[in-house]
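Colleague: Could you walk me through this model? I have a few questions ready.

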Amino acid sequence: MIRRAERIGFLALPGLSFLAIIYALPLFMLLLKSFQIDGQFSILEYVTFFSDNYSMSVLWRTLRVAFLTTGLALLIAYPTAIIMARAKGIWLSVFLVAMVLPMSVGVIVKAFAWSILFRTRGVLNDTLMSLGLTEAPIRMLFTETALIIGAANVFLPFMVLPIYTVLRQMDSRLPEATVSLGATPVFRFMNVTLPLSLPGVVAGCAFTFSLAISMYVIPSLIVGERQQTLSMLTARSFLYLRNEALGATISSILLIIAISVVLGSSWLASRLGARQ
Amino acid sequence: MKDPETRDMGSNKYLDVTAVGKAFKGTPVMSDMDFRVGRGELVSLLGPSGCGKTTLLRIIAGLTAADTGEVMLDGRAITSVPPHRRNISVVFQSYALFPHLTVAENVAFGLRARGVNKAAHGPKVAEALALVRMSDFAERPVAALSGGQQQRVAVARALIVDPVLLLLDEPFSALDRKLRETMQVELKTLLRARNMTAIFVTHDQDEAMGVSDRIAVMSAGKIEQFASPSELYARPASAFVMDFVGLSTRLTGKVVETGAGRITVHTAHGSVTAPGDFAAGTKVTIGVRPELIRTEPGENTISVTLEDAMVLGSKTQLHGRAEDPNRLLCELPGMRSSLTPGETVNFGWSIADTLVYEAST
Ligand SMILES: Nc1ncnc2c1ncn2[C@@H]1O[C@H](COP(=O)(O)OP(=O)(O)OP(=O)(O)O)[C@@H](O)[C@H]1O
Ligand SMILES: [Mg+2]
């Protein structure tokens, strides 16, 4: 007889087979292709990629943008999540709607909204100039800074929601217990709130980083072709250069980064959560 | 009515809560609350759900700000001192242990928060854990502990900082009956040995009787009576206290005769004489503790039809037929299986054992 836990495992079958056919199989084929030249096993494509200055600069830019986007999103998301975890009733609903609603507005719409904000004679520059903070308009659109700000904005909910969830699950008596043991608010934050929220922070960073490293639409719209990222390079290899081997190689590199982030973060989260 | 003992404690007021009032969103929870506790006293706040026990405790701890009034501790006003500088430890109902820390780290938390030299932690933690017999669990994560063990850790964590006052909000309510009784005895012994001043919140009268020197019976944001367990049981200050602490036979009626410190009350179960001075025509509530009643004629005697006779081992409980709000209850020592429902018996007791209160209308 099959044990109960194993039988319940069958419920995961449809989901698993869906993922296997639609997701894992094509990616595996891609991975295979990146190691093949004329049907022979070869790592030549990788050697070419890693020894090419241009490809390496794109790789670094992609990683840098993803890191900074994740950092900026975390900086904004953490206080937001704390306030949300304390909010009650109507305010909580307002916050949740504010988090979820923008997700339903397409990235393209947002990108054009930003261009109104960021462009040379845009709202932001006009304000800065009228305040006398700057003489001439600052070039903001088509810069990496604009890309990071825009990406952090789009991915913010993926950072806020996991942190909010763990903070919300925290026993509401813990802060009071901490205070009655003589802890200052700063000590309480450093020793109770922060460590208990870390699993949420790890999850949020993993989501945001994975999304940021593979984003395509946002950089295409904000910085355009001049500053390529790995995803844009992949698309170009497949669509314009018709160089499937190069495309497969870059995709595989992206895939490997994404898998390491996911595995690393779940290892970290389970280590952090093990004692709880 | 104010219990005389509340005022007598004035000479020994270590904790002094004066005229404290608190309202939540315009709904008053308590007003003009006076509450005094002597050094080293173990005191319980006893009362029905929602009467304001937790609120009073939180005001003393500084976790809730009072709207009016003053809290003094050891002669110092602490009303505006933030909770982390009051040195008052709280044991919460849910224990509120830190899930990311081990037992030893939980216990050491207060020392770390106060910046106590790290070298001093080890021996102090070991001592605190030994006190609650949890030394073997020092390195365990707290999630792996049973309810009773978690409670011990919570107590050790609260005591390690040598608090000037220990507050416990229903500390035993999450434990099963047997463990609860063990823990009550254990904790009482422990607190006594350290001459700790402690306030327990509870709505379990047996628990209050068991652990405390004095009990403050609360009702709707007021202290009805603040006295020793035996005083509370023998001389309840109001019908509410009589009903809340222990069981009783209870009769309502009207005073028909008065004089020489005695009144005669007409009730649905006959005439009853009680000590007291109430004007004729006053509506009163009469009470008698069940173990003071015998099934034979006494100074007061009423005839009762038995509804149930419950043999409880050490005692037999007789329930007589009565209409609300009257209640007829008698407890006889030992097992009396000869008494059967439907039988008519006499309930007799002495005039001096008769409690009488003006009925609240
Ligand atoms: N933060 C709050 N906001 C609004 N009302 C509150 C708050 N805290 C307590 N109350 C109200 O104050 C009253 C007293 O509450 P309190 O928690 O002190 O009662 P309690 O005696 O401890 O009851 P229990 O035995 O159920 O714990 C209740 O009516 C409660 O609803
Ligand atoms: Mg309470």
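Here are our questions and answers on the ligand and the aromatic pairs.

Modeller: A note beforehand: this is a predicted model, where local features need pLDDT of at least 70, side-chain atom pairs count only at pLDDT 80 or more, and totals for chains, interfaces and linings use all residues. Residues are numbered from 1 along each chain as its sequence is written, chains are lettered from A and ligands numbered from 1 in the order written, and side-chain values use heavy atoms, without hydrogens and water.

Colleague: Which residue has a side-chain N or O atom 2.5 Å from an oxygen atom of ligand 1?

Modeller: The shell (residues with a heavy atom within 4 Å) includes B:Gly50, B:Gly52 and B:Thr55. Polar backbone atoms of B:Gly50 and B:Gly52 lie 2.8 Å and 3.0 Å from ligand oxygens. The side chain at 2.5 Å belongs to B:Thr55.

Colleague: How are the rings of A:Phe35 and A:Tyr46 arranged?

Modeller: Rings of Phe, Tyr and Trp (its six-membered ring) pair if their centres lie within 6.5 Å, with planes under 30 degrees apart counted as stacked, over 60 as edge-to-face and the rest as tilted. Here the centres are 4.8 Å apart and the planes at 25°, so the pair is stacked.

Colleague: What geometry do A:Phe187 and B:Phe109 show?

Modeller: Both residues are buried, meaning under 20% relative accessible area with a 1.4 Å probe and protein chains only. Their ring centres lie 5.5 Å apart with planes at 75°, so the pair is edge-to-face.

Definitions and conventions. Polar contact = N/O pair within 3.5 Å; in protein donor to acceptor, adjacent residues only side chain to side chain. Buried < 20%, exposed > 50% of the residue type's maximum accessible area, 1.4 Å probe, protein only.
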